[in-house]
Structures are given as structure tokens and as C-alpha cells.
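Me: Please walk me through this model. Short answers, please.

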Amino acid sequence: MKKQSNLSRLLAVAGSHKYLLYASWVLSAISALVTLVPFYYIWKIIREVLEVALDFSHAQNLTHNGWMAVLFAVIAVLVYIGGLMCSHKGAFRIATNLRLQTMEHIVKLPLGFAEQFGSGRLRKIVNESSAATETYLAHQLPDRANAIATPCGLLVLLLVFDWRLGLLSLVPVVLGFLIMMAMTGKRMQEKMKEYQNALDDMSNEAVEYVRGIPVVKTFGQTIFSFKKFKDSIDRYKVWVIAYTKELRAPMMFYTAAINGVFASLIAGALIFTQGGVTKDFLLDLMFYIIITPIISVTLTRIMFQSENAMIVDDALQRIDSILNLKPLAEPKQPEHPNDASVQLNHVHFSYDGENEVITDISLGIPPGQKVAFVGPSGGGKTTLANLICRFFDPQSGSVKIGGVDVKSIPKEELMNTVSFVFQNSHLIKASILENVRMGKPDATREEIMAALHNAQCDDILEKLPQGADTVIGTKGVYLSGGEQQRIAIARVMLKDAPIVILDEATAFADPDNEARVQAAFSKLSEGKTVIMIAHRLSTVASADQIYVIENGRIAENGNSQDLLEKGGIFSRMWQDYQTSVQWKVAKEVK
């Protein structure tokens, strides 16, 4: 099947606004042709000046020709502005439609997609890639119509007055065009992709670095944590310098060629006037010297259009990298969970299709049981929880909730069945009330305030100027990590889902906040199936069942007492944990 061109693709999402783009191209082309008309009147002015040389009182039409040149110049500008107004309105609509199309598709993708894709990279694609199409449609395409019409009209002018000088004017043009083609070929497309990749890396690392600043400052890892961000900047610097040096010579020759029209005209004039200079030849030469700068402007415009076309091609490929991702399949025959139990049968999962993160895990969690996933970092604990939430689907095996495969449960019902509190809870820039209401959009104010009370948030509301109506992130109102966790817990309480997943929810809370968060968890866990992921083993000691996950497998399981008696991985982890909590900061003695 023939690949759809970028322009056709963009026009397909323009709707009725595509006619504005058509109008912009026509108006821009007309503007280009009208722009050449003043040069005709300039030629008439020069001719009249030469004819009445030394007795300018006989010049009768200078003022008329001058005003006509000004008139057509103004008309050309007004027509061009009209074209830009049409192109901008159409371009803004297309960019908006692309953003909407992309965001609507993102909403349908599994929740684990955003974390895997990278929030910085995702933001850059949604915002900047769609913005690149706006620049292309609003400016580059009208300029392309202008650049096509200009050489056509210019070619006529160059050959009508003196075809010899006209051909000489075209020699540098041909040379410059060949150099430009060498700079904007397929290799340049690959370079443009590398350039955008480097920008994506920097954007992603910048976002992750900024988000991790509280943890970085807590553990004093400022230099180490900055390393990945700095490495991405260094890679970008190396690439840009090498690329600039590579294009330095061709760009120098291109600039010399397109600005060398005067040299070819002067050389031609010396050859053509060996038998003497006539007024007609001098008139044509002066006219060509005045009009030929348009050639360099037009060629440069074409070159930048080629570059921007490659930018748009890369931008659409990046948008397609999201649109081509398939949403999780919706069940054709929906089924409904019978209870709050969780069962995994021989589950295998890999993010890249090759390296398994989860290998043949089977387990069962009865309704109302409190279980914990513990183990070394990178062992697969969070991935296992993500599979239960259906953030991803396993490559093989099944995940069941209430005896029903999660693939057969409608997405909305599954989200109402499972709630989760992440390590880093994100609140939107809205009031605390609205942040909590996201858990149950139709909740009353009384229900929300009760959830905030049960989540130990009373002290937060008391210190804020407008209580629950205080907008987070405005006028210096910010919450600590532990306070944000409690607001997130209130949201989960309001949702009142029968299954709750807590992923390192107290990892970065201070002692006071941790105590309050734990109290909130106790209230939240009443009568629910709870799955905890934690490194602080004291938080999971009372769990009904503990699963030790190592290298994507269940290494051992049982309650805390059984696991300690086994003397296995959990026992070693417990000893290490007990040793660490006894550490104290030594006071310097002077």
C-alpha cells in the first residue's frame, strides 16, 4: 500500500479548515508574482533616467512609476498577510486535532504505558511534535507556494530583458541548488532523527531529575543523580558540534554560490561590452543587479523548507509511535468479579518481548487477606502489581480477580475494583477537594470531608488558608511528600474499591507523616484485600502472607514468623533491616 504523504495526512485531520490552507497557498503564490511587478516599474524608472541623463527635467513619469511600484509592493504584502491568516487558522486547527487525537489514544492505552514511555518524552511529543506541524502549515507551505511562484515569474523577467545575463544569473543558482540537495538528502533525515532523539533524552532526564530532587536532597546524592542528566546534555553537545563541523564546508560554498550572482553578472558584462557599452545593456545590467538578490532569498527559503519538511516528517513519526500502540483489548463478552480474590496462574511477562521480568508465577490471595511483596530491587514486585491492575497484559498465563480473567472485566469496572497508592502520588493543580473527588466524581462534599478525616488529613486542612478548598500549587501552597500521600489515600478511601495496592507508599515519609500514613492505611484496609510492596519490613510484618520476589520468581512465601524460622532470603533481609534501623549519626567531637 502506498504510504500517505505527510501533507495528505495533515489535511485529513483538518476538516473543513483545509480549504483555508488551499486559499493560503493561492494567495501566497499571487503575492509572489505581484511582488515582482514593482521591479518592472523600477526598470521603467531606470530607463527613463538613462534616456534623459543630464537633463532630468524631461523625466515625466518618474513619480508615477515610483508610486505604482509602491502600490504593487503594498498589494503584495496585503495579499501575503491574507494568505498567512488563512494558513494560521487552518494550522492551529490541525495542531489542536492532532493533540486531541493523540491524547484520546493515550487515554485508551494501559496505564503502565506512560511510565515505560517516559513522561518527559511523552510531553515533548504531544506538545512539540504537534507544534512542529503548525509551523510547517502556517509558514512553510505558504512560503513554498511563494517560492515556487517566484522562480517562475523571475525566470520570465530574467530571460525577457537580456537572455545572456539571465542565463549567467542562473549559473550560481544551479550550483547552489546542487549543494543544497547534498545537504538535505536522506542522510540529513537520519541526522534530524538523531537530533530529535537527543532532545527527547534531555527532556526525559530533565523531568526525572526535577521530580527526584526531594529524594536527592534527602540522601545527599546531588552529584550522582545529576550524572544521567549531564550525560544526556554532553551527548547532545558532542552530536551538535560534530554535525555543525560536517556542514560547515558545504554551507560555506552554498552561501558563496547564491551570493555570487553579482560576480557572474560583472564577468559577463565585461565580456559582452568589449565592443562598447550601450544604454540598453547598461539598463538591463542595472536591472539584473537589483533583481537578482531575490534568487538568494528564494533559494534560502527553499532550503529551510526542506529542513522543516524533515522536522515535520520526524514529528509525525513520533506521534505515530504513540498512535500505533494498541490499547488493551476490551472484552467481547464482559464478565464480573465474584469477590475480591486475586489469582495468578503461571504468569510470564516481558517489557521488550525478550527478557522476562516475571517468570512462571502462580499465587492466590483470598478475599480480605493482607499480603506483601518484598525482595531485592528490580526483582519484579511492582511489575507483578501492575499486572494485577492490568497496566499490562502478561505474555502467557492468566491474572484473575474474583475468579474472572482481568481481560474479561470491563476497564471501568476493573478500575473501580482495584485502587492503588503509588510511591510518588501526583496531585493536579486544583483544590484538595477536587483532587480527592477524582476517586468518585459524583461524591458529595460530606463524603469527601469524611474521607479526608479518615485519611488523617485534618492537620493539613487546619493549616491551609481555605481548608479543603485551597488550590495546591498557588500562592506558595505546597504539600510535603507525606501530606500528598495522605491526600492520595483519601482519594482511594472515597473510591472504596475492594482491592487496594500500596506500592512503597511510605518510602519517603518523615517519621510523623509515616505514623499518620500508617494510621490511614489501617483505616483504608478494613474489610479489603490489600497488597503491599515495601522495603521497610516493619510495615509488612503483620501481613497474612508474604511473598519474597527475586529475579521474577517467588523465592519463598509464608507469614513473617515462618519466613524468619526458615533462615532464607527474608530472614537475611530482616536482619539487615534491623541493623539499619539501629544506625545513628555520629556527633563530631572537637
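Me: How much area does the protein chain expose, and what share do carbon and sulfur atoms supply?

Reply: This is a predicted model: local features need pLDDT of at least 70, side-chain atom pairs count only at pLDDT 80 or more, and totals for chains, interfaces and linings use all residues. Residues are numbered from 1 along each chain as its sequence is written, and side-chain values use heavy atoms, with hydrogens and water left out. Accessible areas come from the Shrake-Rupley method with a 1.4 Å probe; for residues, only the protein chains shown count as cover. The protein chain exposes about 30,800 Å², and carbon and sulfur atoms supply 60% of it.

Me: Which kind of aromatic pair do Phe349 and Tyr351 form?

Reply: Rings of Phe, Tyr and Trp (its six-membered ring) pair if their centres lie within 6.5 Å; planes under 30 degrees apart count as stacked, over 60 as edge-to-face and the rest as tilted. The structure holds nine such aromatic pairs. For Phe349 and Tyr351, the centres lie 4.9 Å apart and the planes make 85°, so the pair is edge-to-face.

Me: Is Phe349 buried or exposed?

Reply: Buried means under 20% relative accessible area, exposed over 50%, partly exposed in between (1.4 Å probe, protein chains only). Its partner Tyr351 has 34%, so Tyr351 is partly exposed. Phe349 has a relative accessible area of 3%, so Phe349 is buried.

Me: How many residues apart are Phe391 and Phe420?

Reply: Phe391 and Phe420 also form an edge-to-face pair, 5.1 Å centre to centre with 85° between the planes. Phe391 lies in a loop and Phe420 in a strand (a DSSP run of E, at least two residues), and they are 29 residues apart.

Terms used. Helices (H or I, at least four residues) and strands (E, at least two) are DSSP runs, numbered from the N terminus.
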